[in-house]
Amino acid sequence: MADLRRLGKRGSYRLGRLGAPSAAPVAPSAPHYPVWVDRHRGPAVLWLLAWLVTVAVLAAGALAGWWFLPFVAGLAAGVAAHYGRWRLRVTLPATVLGAAAGWGAALWWLVRRGLPEGPVAREIAALAGLPAQALAAIAVTLLVAVIQALAGLWLGRALTPGRGSR
Amino acid sequence: MTVGRGLNALAALCASAAVLALFAFGYGPVPALGRALDPGHGAWASAAGGQPAHSQTLALPGLAHPVQVVFTSHGVASIHAADDGDAFLALGYLHARFRLTEMDLERRLGEGRISQLAGSAALATDKFELRLGLLRTAQAEWAATPRTSPAGQVLIRYARGVNDYLAQARSTGDWPSIYALAGVYPTAWTPIDSLVMQGVLTQQLDYTTTPLDYALLEHTLGPAHTMAWFPVLAPAQSTPYDPPPYKHPGIAPIPPQALASAQALAPTTPPQAPATVAHASKGPVPAPATRAAEAILAQTDALPPGLIHEFPDSNAWAANGPVVAGAASMLAGDPHLPQTVPSIWYQAALSAPGLSVTGVTVPGLPGVLIGHNAHIAWSLTDTQNQATLFYTERTSKSRPGQYFWRGAWRRMRQVHYSIPVRGGSPVPLTVDLTVHGPVMTQAGQTTSVDWMGSIASPDIAVMIGVTHASDFAQFRAALANWRAPSQNFVYADDRGHIGAISAGYYPLVRHGDPWLPLPGTGADDVAGVIPYQAVPQVYDPPSHVVATANQRPVGPSYPYYIGTSADFFDPGYRASQIYASVRGQHGMGPAGFASVQLSVTDPLARQIVPRLLAALAAGRPSPQQKAAAGLLRGWNATMAPGSAAAALWWTFWGDYLNAVFQPWWKTANVPVHKDRKGLAISPQQFSLDEVLAAWTTGDPANPAFSPPGGPRRTAPAVMRAAFATAVAHLSALLHGAPSSWAWGRLHSRQFPSVTQAAGLGYGPRASGADSWTVNAADGGLVSHQGPSWRMIVAWTGHGTASGEGVYPGGQSENPASPWYTDQMADWWNGRYLAMPPASGDAAGPVRWSLRP
């Protein structure tokens with residue numbers, strides 16, 4: 001009823017102020033820092049090195065015919081995220097990029113060895129019914145690695161005791 | 001753990017299992033993507049096969065002695081071995097190394113196993129092929145081949161070479177991409193596979209459904225119009241390479257292999273009167289027969305392109321005497337086949353003690369099919385004689401699985417197949433066989449087919465004989481047993497002799513019109529074949545020239561039936577152009593022969609365009625039509641890509657055909673949609689081309705020019721109307737002035753990949769030529785058939801040949817290889833490459849040493 005009584009009165013329609021008493025002054029918020037910065041375990045260089053090693057292992061595994069390694073890496077990342085208290089917004093891109101980089105590095109290695117992977121990529125794309133562009137086959141190949149890694153990551157996180165979503 | 005977390009874990013577990021299972025094993029048509037796209041071992045591994053070849057030593061189990069292989073910069077291989085067996089083993093290895101996908105696809109096609117690789121989409125093709133029976137013929141042929149015979153040994157050693165490569169691929173994982181993507185790999189190669197390949201060639205060159213088209217035409221247009229417009233003998237005879245007089249030494253017996261199946265079918269009951277069931281008879285084609293025809297045509301319509309013979313477009317000619325300069329004789333050959341990447345051909349030279357041959361081979365088959373040895377050269381064109389006969393079997397509902405033949409009910413033989421399908425369950429198929437051949441349909445009427453591909457043909461043995469021949473007598477004797485596919489073998493030797501012989505299977509029926517489906521009760525069966533001494537042939541003709549371009553090889557007085565104008569001889573425009581260019585000439589060299597092979601002069605245009613211009617002069621053309629006619633006035637009938645007159649001519653001719661015949665087709669309701677290739681009005685209907693050309697030049701008041709129920713018309717009036725239509729068509733399509741309507745803007749050539757994958761082929765690319773130019777382009781405005789190999793051999797002395805050749809494509813099927821399309825530019829620009837010598841003394845930058 002009090003609200004109804006204010007209808008048509010001056011100052012009654014200012015947004016955010018409808019009937020609410022003035023809020024007490026609040027202290028300015030603290031500057032925002034990415035959470036991992038103040039919670040990581042060890043120096044960042046070490047983590048970067050670990051990531052690079054994982055990429056190298058994935059590349060070597062692909063060249064050896066171990067096509068399932070991106071899944072294993074994702075699974076490991078999921079489990080490690082639990083014990084290392086890594087946040088999903090960190091592990092997710094790291095896992096996706098790692099899987100793609102691992103298989104990408106394997107392809108790059110083959111090109112470095114002089115193998116004509118560009119025309120082969122076009123052939124794969126054409127045979128798969130995609131546009132006959134090298135990029136299409138490369139994208140699909142990397143996607144296969146990424147999908148595996150994501151499935152592994154999900155499984156790893158799901159199987160470990162939860163602390164809520166981070 | 002909460003219920004939510006449990007469900008999440010379960011979902012993650014299921015998703016992970018599904019992803020891993022899908023990537024490991026695939027599902028349905030989806031391949032095992034994890035394995036297939038693994039950078040190290042999946043489809044990416046095919047890059048290894050695309051690397052430039054380098055000199056190396058390879059171990060090939062099965063070799064008796066070391067073999068040397070030298071590659072030219074274009075990858076043309078010269079094999080030098082200590083014996084024939086090693087040479088063919090090495091050839092098998094090279095074929096598999098550079099053309100495994102192509103040869104595996106071809107054998108799968110012939111054996112009805114494409115679905116195993118391509119999935120259920122290919123089931124219709126597999127069923128058709130298993131019905132048609134290339135596999136049955138190959139199995140019977142191999143069963144009849146003594147293992148110790150030269151042909152048996154060559155097939156065995158060749159298969160060993162292919163399997164050496166398969167073993168190598170299995171150990172390295174370097175398969176062509178298509179296998180890694182499909183997850184289906186080639187099985188071991190057998191001699192039967194090579195014989196199936198031979199059958200596929202026969203099918204591509206000689207299987208025809210023209211009798212079924214005739215049946216539909218007779219049913220709609222009526223017998224009189226059908227035989228007037230699709231006559232047995234065309235009104236204007238082309239130049240036969242074998243002119244009269246002719247012998248008639250009677251009829252030779254049917255080849256023994258063809259009789260075998262008939263003898264195996266014993267009667268089930270004593271002779272008795274047939275039941276009253278649908279059957280073929282003389283007179284109008286009954287409706288059940290048309291239903292059967294439509295059912296079979298629907299089967300062939302579903303086949304991949306190139307499996308059924310469509311266009312008769314090969315050239316081969318030889319000359320001697322004063323016609324040639326600096327040589328005892330010369331031979332030119334350019335077989336026109338579906339143009340694919342890779343090509344049907346793989347170029348090679350083989351030498352061993354007693355063996356020296358160079359030319360082109362077909363991957364999957366041991367031997368050089370076109371080329372030369374130390375003394376003779378040969379090339380092939382398709383003979384085009386009718387060797388596909390359809391029989392309407394007499395059946396009864398009260399006697400399932402039986403048919404009436406020669407006064408008795410017979411039981412059909414049944415063959416059972418199981419077709420493996422990628423991503424699905426195997427599909428069973430039962431094929432019924434009558435004395436005539438496989439039953440192709442039971443829709444409307446039970447119809448079986450008696451065709452050349454059911455006849456065992458010892459082609460490998462024949463080609464061994466040809467390869468070792470040193471004169472025409474040996475050449476001719478070697479070809480006596482050649483049955484399928486019927487081919488015109490053109491010949492030239494180092495002693496200055498030339499000749500040709502049309503070796504093959506020429507069935508002669510006892511009774512009836514073989515261009516229509518025949519009654520299957522026995523009276524119209526094949527009674528025998530044309531004796532070998534009476535098949536078309538010529539040796540050292542007085543004109544010093546022999547030329548075949550798929551024209552009817554004999555004149556009208558030839559005493560045997562060999563086919564109609566629609567089934568399916570070439571009109572002879574190319575043959576007449578070749579004869580006109582070579583006969584009577586003096587001192588032609590290889591360059592002169594090359595200019596004939598590359599000619600894009602259209603003889604039909606040269607014949608018709610003056611009549612068209614005369615007709616236009618009598619009319620009142622619009623300014624645009626006048627401008628267009630002006631282009632034709634000074635035109636030399638050359639179908640050059642930049643020629644606007646060429647575009648005008650081709651468009652006019654199509655519109656002219658339509659203007660004359662479409663009213664008749666429409667009134668008669670010709671079911672064009674049942675078989676566009678066989679029934680639609682187009683320049684590819686050679687019978688219509690021939691009769692219309694003959695009427696235009698000699699019978700301009702023919703009643704056919706007047707549409708049924710319409711006003712009376714003559715050729716000039718129809719030509720004027722058709723020209724106006726053509727100008728309107730081109731104006732709407734190409735815009736601008738008539739002088740800008742270049743032929744190359746309308747017409748192109750395309751070379752699709754054998755895998756049918758878009759993007760792996762070559763073209764389309766603007767091109768000159770048309771169906772009637774010596775340098776032919778067939779298949780419509782985007783041509784996909786033409787010269788698949790151009791070769792010229794000049795015999796410059798005893799045992800001394802100068803050979804040159806080129807084909808569109810390259811030696812390797814791997815798109816990553818520098819030898820994938822490296823010869824395309826030379827072919828396109830009319831250049832030739834020196835053939836490696838038959839002697840085996842080849843030079844090249846890459847050398848392989850093959851060790852036992």
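**Exercise 1.** Find which residue follows H3(B) and state the sign of its phi.

Solution. Gly112(B) comes after H3(B), and its phi is positive, near 65°. The model is predicted: local features need pLDDT of at least 70, side-chain atom pairs count only at pLDDT 80 or more, and totals for chains, interfaces and linings use all residues. Residues are numbered from 1 along each chain as its sequence is written, and chains are lettered from A and ligands numbered from 1 in the order in which they are written.

**Exercise 2.** Compare the end-to-end distance of helix H3 of chain B with that of a straight helix.

Solution. Helices are DSSP runs (H or I, at least four residues), numbered from the N terminus. The expected span is 1.5 Å times one less than the number of residues. Helix H3 (residues 84-111) of chain B has 28 residues, and a straight helix would reach 40 Å. Its end C-alpha atoms are only 28 Å apart. Next, look for a bend (the angle between axes fitted to the seven residues ending at a residue and the seven starting there). H3(B) bends by about 100° at Arg99(B).

**Exercise 3.** Repeat the span check for helix H9 (residues 191-206) of chain B.

Solution. The 16 residues of helix H9 of chain B should span 22 Å, and the end C-alpha atoms are 22 Å apart, which agrees.

**Exercise 4.** Decide whether H9(B) is mostly covered or uncovered.

Solution. A residue is buried if 20 or more other C-beta atoms, placed from the backbone, lie within 10 Å of its own, exposed if 12 or fewer, and partly exposed in between. In H9(B), 16 of 16 residues are buried, so the helix is mostly covered.

Methods:
Helix = DSSP H or I, 4+ residues; strand = E, 2+ residues; numbered from the N terminus.
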